[in-house]
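Let's take a walk through this fold, starting with a loop and working outwards to the sheets and helices. Have the viewer open and follow along.

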Amino acid sequence: MKQFKIRASAAGQIMTSDRSGDGLGKTAQSYCQTWLREQLYGRKKQIESKYLQRGNESEQDALDYVADRLGYGMLIKNEQFFENEFMCGTPDAILSSVVIDTKCAWSWETMPIFDAECKNNDYYYQAQCYMHMTGVHAFKLCYVLLDTPAHMIEKEAYHYCMNNGYGGLDEEVHKQFIARMTYNDVPDSLKLKVFDITYQPEAIQRIEQRVILCREYIDSVMKGVRL
């Protein structure tokens with residue numbers, strides 16, 4: 001069985017502590033158990049949601065929008081997988097001076113437009129991992145509000161209609177969802193929120209220490225497994 005390494009996108013999940021403050025919290029233990037099941041059964045847990053689908057489908061559009069708004073000319077999706085002894089992952093885009101990661105907001109309601117700094121610990125630790133692995137010690141976390149893909153709008157409108165007695169997709173309801181989930185009337189300044197995250201060596205030390213704890217926990221769990 002391969003040695004445990006934390007995916008950058010999941011680094012925040014292993015940072016939870018137990019009541020003593022020294023051991024792994026329940027979220028971290030649950031993540032380790034899921035990882036171990038994947039290794040034992042040779043299968044990956046499938047995570048599917050409309051929010052994840054939205055981000056995946058709009059990833060390059062989000063990079064194009066960030067490139068245009070921030071004056072980068074062009075941002076090409078990075079395909080290089082990075083890893084070291086403790087962590088692994090694939091950043092969205094890498095320039096000589098900055099790593100860029102985009103997050104597509106599901107709707108205007110989820111844009112963190114009023115936040116002065118990144119409040120999402122998962123994204124903070126993800127940024128630290130990416131900076132550490134690439135050696136580029138500057139990071140821009142970019143929330144982008146883009147028009148929802150047409151087929152997803154239709155699906156949302158259809159589900160609304162079916163749950164509210166229409167018996168099928170109603171044209172007027174569909175138009176209302178289009179108006180609600182597209183943003184041509186919204187100023188560009190409200191469709192992009194950028195958080196600059198600085199590299200923190202002490203954060204990397206905490207992540208690496210947690211990976212070691214996770215390995216120890218996995219070893220302890222494995223003692224009760226008969227292969």
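## Two buried loop residues

Start at Ser107, which sits in the loop that links β5 (99–104) to α4. This is a predicted model, so everything here describes the prediction. Is Ser107 buried or exposed? Its relative accessibility is 10%, and since anything under 20% counts as buried, Ser107 falls in the buried class. Leaving aside residues up to four places away in sequence, Ser107 touches Leu145 and Tyr183.

Now hop over to Thr148, in the loop between β6 and α5 (150–163). Thr148 has a relative accessible area of 4%, so Thr148 is buried too. Which residues does Thr148 touch, once those up to four places away in sequence are set aside? They are Arg54, Trp106, Ile153 and Met181. Arg54 is worth a click: Arg54 and Thr148 are 94 residues apart along the chain, yet 7.5 Å separates their C-alpha atoms.

## The four-stranded sheet

Both of those loops follow strands of an open sheet, so let's look at that next. Its four strands run in the order β4-β5-β6-β7, and the pairing is mixed. At the edges you'll find β4 (93–94) and β7 (192–198), each of which pairs on one side only.

How do the inner pairings go? β5 and β6 are parallel partners, held in register by six bridges; one place to see this is Asp101, whose bridge partner in β6 is Leu141. On the other side, β6 (residues 138–144) runs antiparallel to β7, and seven bridges join the two. Try Ala138 here, which stands opposite Thr198 in β7. As for how enclosed β6 is, six of its seven residues are buried, so the rest of the structure largely encloses this strand.

## The three-stranded sheet

There's a second open sheet to find, with three strands in the order β1-β3-β2 and, again, mixed pairing. β1 (6–7) and β2 (82–83) are the edge strands, each pairing on one side only.

β1 pairs with β3 (residues 87–89) in the parallel sense, over two bridges. To pick out one partner, look at Ile6, which is bridged to Met87 in β3. Then find helix α4 (residues 121–134): α4 lies across β2 and β3, and runs at about 95° to β3.

## Where α1 meets α7

Last stop, a helix pair. Packed helices are generally described by the angle between their axes and the distance between those axes. For α1 (residues 26–41) and α7 (residues 201–222), the axes come within 10 Å and cross at roughly 60°. The two helices are therefore oblique to each other, and their crossing is right-handed.

Which residues make the contact? From α1 come Gln29, Cys32, Gln33, Trp35, Leu36 and Leu40. From α7 come Cys214, Tyr217, Ile218, Val221 and Met222. Sort the residues of this contact by type and you get nine nonpolar, two polar and no charged.

Conventions: Residues numbered from 1 in each chain as written. Predicted model: local features only at pLDDT ≥ 70, side-chain atom pairs only at ≥ 80, totals over all residues. Heavy atoms only, no water. Axes fitted to C-alpha atoms, helices over the stretch in contact; angles between N-to-C directions. Parallel < 35°, antiparallel > 145°, perpendicular 65-115°, else oblique. Left-handed = near helix turned anticlockwise from the far one by under 90°. Contact = heavy atoms within 4.5 Å. Nonpolar A, V, L, I, M, F, W, Y, C, P; charged D, E, K, R; others polar. Pairing = 2+ DSSP bridges. Buried < 20%, exposed > 50% of the residue type's maximum accessible area, 1.4 Å probe, protein only.
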